[in-house]
Amino acid sequence: MMGLMPSEETRTTTPPTVRSSAAQDAGKPGGASARGWTMRLLVLGIVLSALNLRPAITSLGALLEEVRDGLGMSGSVAGLLTSVPPLCFAVFGVMAPRLARRFGAGAVVCAGMAAIATGLLIRPYAGGTAGFLAGSALALMGIAVSNVLMPVIVKHWFPDRVGSMTGLYSMALALGTALAAAVTVPLTDTLGGSWQTGLALWAGLAVAAVLPWLPFVRGRVTPPGAGERAAETASRGQAPTEHARVEAPRLRMARSRTAWALAVFFGLQATAAYITMGWMAQIFRDAGVPAGTAGLLLAVTMVMGVPLAFVIPRLATRLPHQGPIVLALGVCGLGGYAGLYLAPAAGAWAWAVLLGIANCAFPLALTMVGMRARTGPGVAQLSAFAQSTGYLISIPGPLLVGVLYQHSGGWGLPIALMSALMLPQMAVGFLAGRDRTVEDEATR
């Protein structure tokens, strides 16, 4: 049932004489067709949701100068604005597993998409910086819970295809990120030049993402194998009730070195990603690159994740240690930062490509979340811990970049900070890539 925390070990108990809907469908004409329709609808929901997980941020990055002028923001306040996403992800992401246990993962993701649509629609017209921040926070709340639950849903519904499905939604996430960066400025110009309209139009994509999740809201759709798990539970003699579930033991993530390494890796790659999304277009504009071209350069950085987000998770699941991938991505990031410092305009396209490759640490981190836990409940707890802790770690980065930019009058110090943070990211990512699971460490 979609309302359960995803896991091969999560049990939905039913009386021995009553089969789950999935088992009943198997014996009915058209049952296999109904299950196929359900899985296609779920894949559509995952893809549309992933498309909505970054446009709220990159569309703002493309129009940050216009928003700053329109709302009268200083560089420090703009830095605070670019720190809001990780803050919201940390605060609201930790709530996702509890909400999913109570209401169902499908219902939470559906509500998350609705929150994104509402927040994106109201924030440009809320009036003033405070209203803009409040609307952004509402949209980011929806993104936060969906961020945490995507690996959980994949683990539950596609336990044998974690790598490929993680690659699919990571690819969709990268596509949505790049699309918002590339077309926000041209669309804004086409629609009259109002930055409010340019930001609000992305609410339509979020509305579309609500629809595929509606059948999953009440948890009436069960994943493949639900009937077999129910029969197994009954054969063990456990007291059956139609909606009862056995809660998985809670892991003490703070005791796991692997969980901490993954959380710090997640936080440092998120720091780099949100600095890039929030400030890279401005770096290019300050170097003399036209606004439209700067948006395209940001889009190139984001679109690099489309093919690589599919390749890297599949490669990672085939390797016993993901550390070498971490190091390769880190080297690309250092090369991109060096280029931004030495020749930001002359080699702009090359630096955009290198930083885009480095940003693929995000799908790698998501893949490692699925690999560092054996069970669905373990993945849910690790995902919440790693993402919430990681986003807390990432909060100061974009803010500090804004402060350094304003007070130094240039990009030398901010770029030096970005380069320095890449080194510990490579170190902890190498540790997080070791072949071990949090269940072995967090239950001791």
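Modeller: Helices (H or I, at least four residues) and strands (E, at least two) are DSSP runs, numbered from the N terminus. By that definition the chain has 22 helices and zero strands. This is a predicted model, in which local features need pLDDT of at least 70 and side-chain atom pairs count only at pLDDT 80 or more, while totals for chains, interfaces and linings use all residues. Residues are numbered from 1 along each chain as its sequence is written, and side-chain values use heavy atoms, with hydrogens and water left out.

Biologist: Why is serine 170 called buried?

Modeller: Buried means under 20% relative accessible area, exposed over 50%, and partly exposed in between (1.4 Å probe, protein chains only). Serine 170 has 3% relative accessibility, so it counts as buried. This residue lies in helix α9 (residues 162-190). Across the chain, buried residues make up 58% of the 444 residues.

Biologist: What makes glutamine 406 partly exposed?

Modeller: The relative accessible area of glutamine 406 is 38%, and therefore the residue is partly exposed. Glutamine 406 belongs to helix α20. Its C-alpha atom is separated by 8.2 Å from that of serine 74, although the two are 332 residues apart along the chain.

Biologist: Which residues does serine 170 touch, not counting those up to four places away in sequence?

Modeller: Contact means heavy atoms within 4.5 Å. On that criterion serine 170 touches Gly305, Ala309, Pro363 and Leu366. Serine 170 and glycine 305 are 135 residues apart in sequence, with 7.7 Å from C-alpha to C-alpha.

Biologist: How do you know that the span of helix α21 is close to the expected one?

Modeller: The expected span is 1.5 Å times one less than the number of residues. Helix α21 (residues 412-432) has 21 residues, for which 30 Å is expected, and its first and last C-alpha atoms are 31 Å apart. Its buried residues, including Pro414, Met422 and Ala432, pack against α13 (257-286), α16 (323-342), α18 (361-371) and α20 (396-408).

Biologist: What is the make-up of the contact of α14 with α17?

Modeller: Thr293, Leu296, Leu297, Val300 and Thr301 in α14 meet Ala348, Trp349, Ala352, Val353, Leu355 and Gly356 in α17. These residues divide into eight nonpolar, three polar and no charged. Here Ala, Val, Leu, Ile, Met, Phe, Trp, Tyr, Cys and Pro count as nonpolar, Asp, Glu, Lys and Arg as charged, and the others, Gly among them, as polar.
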